[in-house]
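Biologist: Could you take me closely through one part of this model, the place where two helices pack against each other, and then set that part in the context of the whole chain? I would like the reasoning spelled out, with a word on where caution is needed.

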Amino acid sequence: MRRVPRRAPAPSPGPSCASPGRSNPALRDVRFRDLALLLLVIAVLQFGYPISLYGPGWNALYMVLYAGMIVFGLRTVRTEGHHMSPVVGVALVFACFAGWSVVDRANTVAELGRHLSVALFQLALIASLVLFVFRRHHRPGPELILAAISVYLLLGAFFAACFTAMELSVPGSFTDLAAPEAAIDWSLLMYFGFVTLATVGYGDVVPLTPWAQSLAALQAVTATLFLTTVIARLVGVYTVSSPGDEGNGDDRDGGGGDGEGGADAAGRSGRAAPGPGRREEGA
């Protein structure tokens with residue numbers, strides 16, 4: 001009587017086989033909460049900026065909201081596992097210039113440093129969130145929508161900070177047609193940044209110098225390309241994913257399945273073990 005060889009047990013999935021979001025639901029909850037709070041703070045910052053014009057106290061409160069954006073932005077970057085040191089460094093530089101500008105609002109150097117440093121911090125957040133959106137392959141959850149909206153708002157704020165830094169460096173780069181003789185305020189450039197982002201073009205705030213016009217054109221093109229690509233990305237992921245898929249936007253491993261589902265599928269696709277009275281083929 002020949003001895004039937006025993007089937008080797010299926011290997012248990014290690015840490016590299018299971019995607020982090022599936023194996024750790026708490027991580028998904030933390031990421032969703034951080035993204036939601038980050039989006040909330042960004043929206044309040046970008047559309048509540050007129051409160052900074054009511055006096056030093058309100059301006060200081062507005063800087064506190066920036067601190068909230070820094071906190072939740074750093075938490076988002078850390079959750080995604082990206083390099084923290086450059087982002088933390090830029091955040092510290094921004095905090096120093098923001099405190100300086102609150103104490104001495106008439107200081108051009110403090111204002112220029114504040115806008116340049118916040119532009120760099122927003123650019124780092126944009127890069128982290130864009131990678132988050134375009135690296136996910138499972139059926140997306142609300143996190144992808146929150147991240148995409150955050151990137152869109154951050155694009156408007158980033159270019160508004162660049163416009164302000166340009167105006168501070170080269171006065172006269174922009175003008176307000178309603179008051180062409182008056183110095184243009186950063187709040188008007190914030191408004192101009194979002195009007196250009198939406199490609200509305202009211203024409204009340206106008207870039208005058210060639211570099212200012214080039215930067216405004218770059219923002220309009222960037223916003224259009226982002227909207228088209230991210231909408232195509234989200235529609236494609238929702239269309240391709242099957243309704244039964246679980247997961248919340250986490251990376252799919254390139255191997256054969258993940259977690260216990262992959263092992264079960266492998267077990268179902270294999271041949272059944274021969275019974276006691278049967279011999280394997282080729283024996």
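**The crossing of H6 and H7**

Modeller: Helices H6 and H7 are oblique to each other, because their axes cross at roughly 135°, and an angle has to be over 145 degrees to count as roughly antiparallel. This is a predicted model, and in it the two axes come within 8 Å, with H6 spanning residues 142-169, while H7 covers 186-197. The crossing of H6 and H7 is right-handed. On the H6 side the contact is made by Tyr152, Leu153, Leu155, Gly156, Ala157, Ala160, Phe163, Thr164 and Glu167, and on the H7 side by Trp186, Leu189, Met190, Phe192, Gly193, Phe194 and Leu197. Sorted by character, the residues of this contact comprise twelve nonpolar, three polar and one charged.

Following the chain on from H6, one reaches serine 173, which lies in the loop between H6 and strand S1 (174-176). Serine 173 has a relative accessible area of 1% and is therefore buried, since the cut-off for that class is under 20%. Leaving aside neighbours within four places in sequence, serine 173 is in contact with Met166 and Glu167, and also with Val206, Pro207, Leu208, Thr209 and Ala212. Of these, Glu167 also belongs to the H6 side of the contact with H7. The C-alpha atoms of serine 173 and valine 206 are 8.7 Å apart, although 33 residues separate the two along the chain.

On the other side of H7, the loop leading to strand S2 (205-207) holds threonine 199. Its phi is near 50°, a positive value in a residue other than glycine. That deserves a second look, because most residues other than glycine have a negative phi.

Two positions in other helices can be set beside the buried serine. Leucine 61, in helix H3 (residues 56-79), has a relative accessible area of 40% and so counts as partly exposed. From leucine 61 to isoleucine 51, ten residues away in sequence, the C-alpha to C-alpha separation is 8.6 Å. Glycine 99, in helix H4 (residues 85-103), is likewise partly exposed, at 35% relative accessibility. The C-alpha atom of glycine 99 lies 9.0 Å from that of arginine 114, which is 15 residues away along the chain.

As for the whole chain, the protein has nine helices and two strands, and from the N terminus on the elements run α-α-α-α-α-α-β-α-β-α-α. Of its 283 residues, 39% are buried. Among contacts with a separation of 6 or more, 76% join residues 24 or more positions apart.

The caution you asked for concerns confidence. The protein averages a pLDDT of 76, and 71% of the residues score at least 70. Over residues 12-23, however, the pLDDT is below 50, even though this stretch has 24 contacts in the model beyond near neighbours in sequence. Residues 246-273 also stay under 50, and for them the model has 48 contacts beyond four places in sequence. Where pLDDT is low, the predicted coordinates should not be read in detail.

Conventions
Residues numbered from 1 in each chain as written. Predicted model: local features only at pLDDT ≥ 70, side-chain atom pairs only at ≥ 80, totals over all residues. Heavy atoms only, no water. pLDDT = per-residue confidence, 0-100. Contact = heavy atoms within 4.5 Å. Helix = DSSP H or I, 4+ residues; strand = E, 2+ residues; numbered from the N terminus. Buried < 20%, exposed > 50% of the residue type's maximum accessible area, 1.4 Å probe, protein only. Axes fitted to C-alpha atoms, helices over the stretch in contact; angles between N-to-C directions. Parallel < 35°, antiparallel > 145°, perpendicular 65-115°, else oblique. Left-handed = near helix turned anticlockwise from the far one by under 90°. Nonpolar A, V, L, I, M, F, W, Y, C, P; charged D, E, K, R; others polar.
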